[in-house]
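Biologist: Hey, can you walk me through this one? I'm new to reading structures, so plain words please.

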Amino acid sequence: MAKTFSTMLDLGVKAPQFSLPDAAGGGMVCLNDFKDTQGLLVMFICNHCPYVIHVHHELVALARDYQDKDFGVVAISSNDTVAYPDDSPEKMKARSEQLGFTFPYLFDESQQVAKAYRAACTPDFFLFDRDQKLVYRGQLDDSRPSNGIPVTGASLRAAMDCVAEGTPVPGNQTPSMGCNIKWKEGNAPNY
């Protein structure tokens, strides 16, 4: 497994716009759909990445816990589906049903949304406050495939708790780590 780290987008930036098809539930989902939530978690994930597979049950649990606290949660897959057919919209829908996703699983075919967020790896997490300003971009927790540390979601949950309580999220954040986003030939960003 090749390790790629989050680019650590600047804290305080406004959430980049998106309007993408929901492979799981159909229809289009856009940033404005979450304007009245307490916070918004945007996760860049995919089906085939071992780092995502390692944490997918925690992603489902975390989403359920915080959707109950008025958080918006959305997952986006931006991988090249020609080179990685396991990440196709049909397989995204199947994965969503298999795992019981309670959040939209969006397909970023052009990869422009991933570029706007400066997403680099799967999983890559971006947490925005009620004003849709970035307050956290970092790891889910300290667990990685084969390091023996249990998956708890502790780092991201702590940040989401701060947003829920209206307290500042500490700025000392550990980058997420995972597989690189599978860019289409000639489409890889320079960041």
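Modeller: Here's a chat about the sheets, the helices and a few residues.

Biologist: What should I know before I start?

Modeller: This is a predicted model, where local features need pLDDT of at least 70 and side-chain atom pairs count only at pLDDT 80 or more, while totals for chains, interfaces and linings use all residues. Residues are numbered from 1 along each chain as its sequence is written, and side-chain values use heavy atoms, with hydrogens and water left out.

Biologist: Okay, sheets. What's the strand order in the five-stranded one?

Modeller: The order is 6-5-4-8-9, in an open sheet with mixed pairing. Strands here are DSSP runs of E with at least two residues, helices are runs of H or I with at least four, and both are numbered from the N terminus. Two strands pair if DSSP finds at least two bridges between them.

Biologist: Which strands sit at the edges?

Modeller: Strand 6 (105-107) and strand 9 (134-138), each of which pairs on one side only. On average, neighbouring strands in this sheet are turned by 20 degrees against each other, direction ignored.

Biologist: And strand 4, is it buried or exposed?

Modeller: Six of its six residues are buried. Buried means under 20% relative accessible area, exposed means over 50%, and partly exposed is in between, using a 1.4 Å probe and protein chains only. Both faces of strand 4 are covered, with Gly39, Leu41 and Met43 on one side and Leu40, Val42 and Phe44 on the other.

Biologist: How does strand 4 pair with strand 5?

Modeller: In the parallel sense, over six bridges. Glycine 39 stands opposite phenylalanine 71 of strand 5. Further along the sheet, strand 8 (residues 124-128) and strand 9 are antiparallel over four bridges, with phenylalanine 126 opposite arginine 137.

Biologist: What about the three-stranded sheet?

Modeller: That's an open sheet in the order 1-10-7, with antiparallel pairing. Strand 1 and strand 7 are its edge strands. Strand 1 (residues 4-5) pairs with strand 10 (residues 177-180) over two bridges, and threonine 4 has glycine 178 as its bridge partner. Strand 7 (residues 121-122) also pairs with strand 10 over two bridges, and there threonine 122 stands opposite cysteine 179.

Biologist: Switching to helices. Which strands does helix 1 lie across?

Modeller: Helix 1 lies across strand 4 (39-44), strand 5 (71-77) and strand 8, running at about 150 degrees to strand 5. Angles run from 0 to 180 degrees between N-to-C directions, and axes are lines fitted to C-alpha atoms, for helices over the stretch in contact. Helix 1 also packs on the three-stranded sheet, touching strand 7 and strand 10.

Biologist: Which way does helix 1 run relative to helix 4?

Modeller: Helix 1 (residues 50-67) and helix 4 (residues 154-165) pack at about 10 degrees, with their axes 11 Å apart. That makes them roughly parallel. The cut-offs are under 35 degrees for roughly parallel, over 145 for roughly antiparallel, 65 to 115 for roughly perpendicular, and oblique for the rest.

Biologist: Which residues make that contact?

Modeller: Glu58, Ala61, Leu62, Asp65 and Tyr66 from helix 1, with Leu156, Arg157, Met160 and Asp161 from helix 4. Contact means heavy atoms within 4.5 Å.

Biologist: Next, how many disulfides are there?

Modeller: Zero, from a search of the whole structure. A disulfide is a pair of cysteine sulfur atoms within 2.5 Å.

Biologist: Why is there no bond for cysteine 179?

Modeller: Because its sulfur is 3.0 Å from the closest cysteine sulfur, in cysteine 49, which is too far for a bond. Cysteine 46 is out too, because its closest cysteine sulfur, also in cysteine 49, is 4.9 Å away. Cysteine 179 is buried at 8% relative accessible area, and cysteine 46 is buried at 3%.

Biologist: Last one, where is asparagine 79?

Modeller: Asparagine 79 is in the loop between strand 5 and helix 2, and it's buried, with a relative accessible area of 3%.

Biologist: What does asparagine 79 touch?

Modeller: Leaving out residues up to four places away in sequence, it touches Cys46, His48, Asp87, Phe107, Gln111, Ile181 and Lys182. Asparagine 79 and glutamate 109 are 30 residues apart in sequence and 7.5 Å apart in space, C-alpha to C-alpha.
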